[in-house]
Amino acid sequence: MTVAEFGLGERLGELRRTFQSGTTRSLAWRKAQLQALLNLVRDNEEQIFQVVHEDLGKHPVEAFRDESPLPLAFFPATAELLPEPLGVVLIFSCWNFPISLALEPLIGAISAGNAALIKPSEMAPACSSFLARVIPRYLDNKAIKVIEGGPETGAKLLEEKWDKIFFTGSPRVGRIIMSAAAKHLTPVTLELGGKCPVILDTRLSSSELEVAIKRIAWGKWGLCNGQSCVGVDYILVEEKFAPTLIDLLKKSIDQFYGRKAKDFKDLTRIVNRHHFERLHNLIKDPAVSDSIVHGGQVDKERMFIEPTILLDPPLEAEIMTEEIFGPFLPIITLKNIEESIEFVSSRPKPLVLYAFTKDETLKRLVLSRTSSGSVTFNDIAVQFMSDDLPFGGIGQSGLGKYHGKFSFEAFTHEKAVLRRNFIFDLESRYPPWSDFKLNFIRLLYKYDYFGIILLFLGLKG
Amino acid sequence: MDISLIHINIMPYHASSLPLVKLVNNGKVCAPRIRNLLGDREASITPKQTHPTSLRFSWRISSSFSSSATESRPIMEDEMKKMERFDSDSAASLLKELRGTFASGKTKSYEWRVQQLKNMIKMIDDNERAIMEALQQDLAKPRFESFVSEISLTKAACNHALKELKHWMKPEKAKTAITTFPSSAEIVSEPFGIVLIISAWNYPFLLSLDPVVGAIAAGNSVVLKPSEISPATSSLLAKLLEDYLDSSAVRVVEGAVAETTALLEQKWDKILYTGNGKVGRIVMAAAAKHLTPVILELGGKSPVVVDSNVNLKVSARRIAAGKWGCNNGQACIAPDYIITTKAYAPTLIDGLKNILEEFFGKDPLESKDLSRIVNSNHFSRLAKLLDEDKVSGKIVHGGQRDETRLMIAPTILLDVPEDSLIMNEEIFGPLLPIITVDKVEDSFDIIKSRSKPLAAYLFTSSKKLEKEFVENISAGGMLINDTVVHLTNPSLPFGGVGESGIGSYHGKFSFDAFSHKKAVLYRSLYGDAPVRYPPYTPGKLRILRAILDGSIIGAILALIGFGKKKLE
């Protein structure tokens, strides 16, 4: 469907009219839409598995875990800070979690009472057309629409004025989105990526180490085979521990996928030819391919890449300067683990920093000396499931946050409302001003600045 | 000698710079005049008050004259060192220095933040007179207004931050989900890094330091770029901040478009800009290159709806105080226009006229309590609004102006057409159009058909109208039965929506505006349920479905093997 077929101008007009009519503001509407969304996911579970599988070859368990957004009902209202919907919002979702990255922000947009247009990623076409097909069947079509299309559609959409743009994707496109948004002063939430490091402090018991490494392996290959913005990008570990680490990682791979990982249906394939080639190129550099200590096999036909471990690839190689977003796991060795702080803080701020440690000093250093969207100690990716924690990046890894009540806030303008009556007014608030008034006020200020300001403005009796 | 490069056109107006203004009028520039000019300049502007445009001016001259001309003026030479042109390279090296400071972790400590805030209070106390004088020079701002709306509010922001800082800095505990049990979670506020604050000329002191307070409280390094349109305050800020605050972390860069452009080319961790939508767009587009989050404090046409059932005297006073008592309309939240009923308009106009006489006397142009228009550009902009054919006949009160002193009297206009200039740009001056409607509710459509304002005001005794207004009108902030004072409430965020801005600050919101909220999750390394790991089986799917559905009972059922069918 092209933008012209979609009749963008007309549809946008309809969204705007719906929003103006106030329909989307009512609590009843929001609840009904959220319930409908829930029904959509439940009724179409099989189909969701199918389309996700078609696009990414994801296993149903993975799909269910990652792709089923949870509803929320969060409608705070205080007399003084009134949350109001922003208006008509645009949601660009991403292909790696094609259903949840479209529906999660939509939940926020609906909860906050907005009208929304969703553009799913064209790189997961089955999921995109699934959304375009079922959303109109379940949700209020006057207020929530889906448009399918590629970059040209995206560009056309960006020419329009939106009240909020929510984007999940790469920093490169993130910049384009924000520049376009600037023309209309549209606020943006950008969910980008980055190289999420794991700091592995090996001062742990052997059973703890086993759990840690299993979690790391899962955080790399179990999350869409590395194609996840919160997935592990690389590991920082002390030199002397590297051989053990490699052994344990191999063990996990065997346990998860068996010896012939390539054949396994539990592994997600690479999303498309373009990304397959990109990943393949990363290991074509001889200096990089020499550093492979496990895996490295690729199946060009079916676009699978084996879980692959690299030991100390050159730091200036692309695999260490770009987000990997695939099943390669570089291990970078350090003399001692404290050097990891400097290593991480001298690079662009990651979306998540993972640290496996029980050492309080190292924890403190991680928290105070590095910056990242979030920090998780001793596990991978689980912070994504906590609705009470904001999810979002900083610097290169993004701008703005969502999840749970933060999703609600991302699509809300907190309107400050102050109410006054006509009763109390202090004369000295008004001109003409005299030295007497000035001194009077000055004297009062000495005691309680805010109290006096309030008094002075007649807000306080 | 390429003197034509001199940027005299942005030379701000003020009485003591008359020789410079004269030079502009003459058009041509020649050596003897410049010699005179240097003399005049030295005499008229003390070294303390040098402002960026004049600095650049003499730098240009120094580069094209023999050194003997300047050698005889030691003060000039000293100044010239300072005024090397601030370009992209200087901006980059400034940032490098500040990054070094930030990386050292110094600004993150509670003690550093407190010390800087205390120093700022001392700075304000020690220099109250100088601050008032600078504001007098830039805007003829009455001392009283300066004291209340610039000095006191800034100090109040410092004190509020000092009082609350410890509490603000504490990590916020967060609940954790059953899926991640056992774990604990918190949200840690961490400084963004190096922030750029570009402030405006109308409240040049408050709008510069109020965000700086937030940035320091949150533990950032700061570069402040005050507005060149209020040069006396700009150079005072440059001097004071250097004297009182830690200059390895807090800096002032003075200048105009060229300097701002050089600053915006750099990678900042956060930018706060106060000003207009046009520049706001430029700032945001520049920020997009580096994915820098922005706060844009813009303006817009803030409407005042006046119902006919109000206390006339109090309402008129509060409107007049908000309009003309705040920098003579040159405030971003000043009432821009009034909407009232046809029937009530004459009464309201009478009320406003009376109060205006009470406030500013019979001849407001002579009042010491009225700010002047900031410069001749803005004066002619406002004059143009008034002189438009379809508008000039609509004046019902005021209209007097004095171009030489840049004064415009409080002016009320009745029923100007919707398509007039005055109804289509932010007025930002002492002109107050009144639009009339049949029923007061009709005002909603007028407001909703325009872009979202920074503030919306309503005067009414009707609870019903109040409720509808609050629910239906979108604006940055909203105030019922008064104007402007919501700005002073630190428990309310201050900021716009849509055309009136992005993001907010004040009080705790300032701290939050300059803090990254880092989610931190602590997990233990006890073993995991195998459900989490591949190979995946149908049983695992059931358990996971139950857990993620948030149904604990379902999870238990699934774990012990029940729930053969889909769990609801």
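How many bridges join strand 9 (residues 292-294) of chain A to strand 12 (residues 308-311) of chain A? Figure 3 has the answer. Before you look, a quick word on the model. It is a predicted one, where local features need pLDDT of at least 70 and side-chain atom pairs count only at pLDDT 80 or more, while totals for chains, interfaces and linings use all residues. Residues are numbered from 1 along each chain as its sequence is written, chains are lettered from A and ligands numbered from 1 in the order in which they are written, and side-chain values use heavy atoms, leaving out hydrogens and water.

**Figure 1. Glu191(A), listed by UniProt under "active site" in an unreviewed entry.** The entry lists Cys229(A) too; UniProt positions are given in the numbering used here, feature names are shortened, and annotations may be inferred rather than shown by experiment. The two are spread over 39 residues of sequence, yet they cluster in space, with a largest C-alpha distance of 8.8 Å. Glu191(A) belongs to strand 6 (residues 188-191) of chain A; helices (H or I, at least four residues) and strands (E, at least two) are DSSP runs, numbered from the N terminus. Glu191(A) counts as buried because its relative accessibility is 2%, and buried means under 20% relative accessible area (1.4 Å probe, protein chains only). Leaving aside neighbours within four places in sequence, its contacts include Phe166(A), Thr168(A), Lys401(A) and Tyr402(A); contact means heavy atoms within 4.5 Å.

**Figure 2. Cys229(A), in a loop of chain A.** Look for this residue between helix 10 (206-222) and strand 8 (234-238). Cys229(A) is buried too, since its relative accessibility is 13%. Not counting residues up to four places away in sequence, Cys229(A) touches Asn96(A), Cys196(A) and Glu323(A), among others.

**Figure 3. Strand 12 of chain A and its pairings.** Here's the answer: 2 bridges join strand 9 to strand 12, and these strands run antiparallel. Two strands pair if DSSP finds at least two bridges between them. Ile292(A) has Leu310(A) as its bridge partner in strand 12. With strand 13 (residues 328-334), strand 12 runs parallel, and 4 bridges join them. Leu310(A) turns up again here, with Pro330(A) as its bridge partner in strand 13.

**Figure 4. Cys326(B), a cysteine without a disulfide.** A disulfide is a pair of cysteine sulfur atoms within 2.5 Å, and the count over all chains is 0. Why no bond for Cys326(B)? The closest cysteine sulfur, in Cys332(B), is 9.9 Å away, so it is too far for a bond. Cys326(B) is buried, at 14% relative accessibility.

Notes: Buried means under 20% relative accessible area, exposed over 50%, partly exposed in between (1.4 Å probe, protein chains only).
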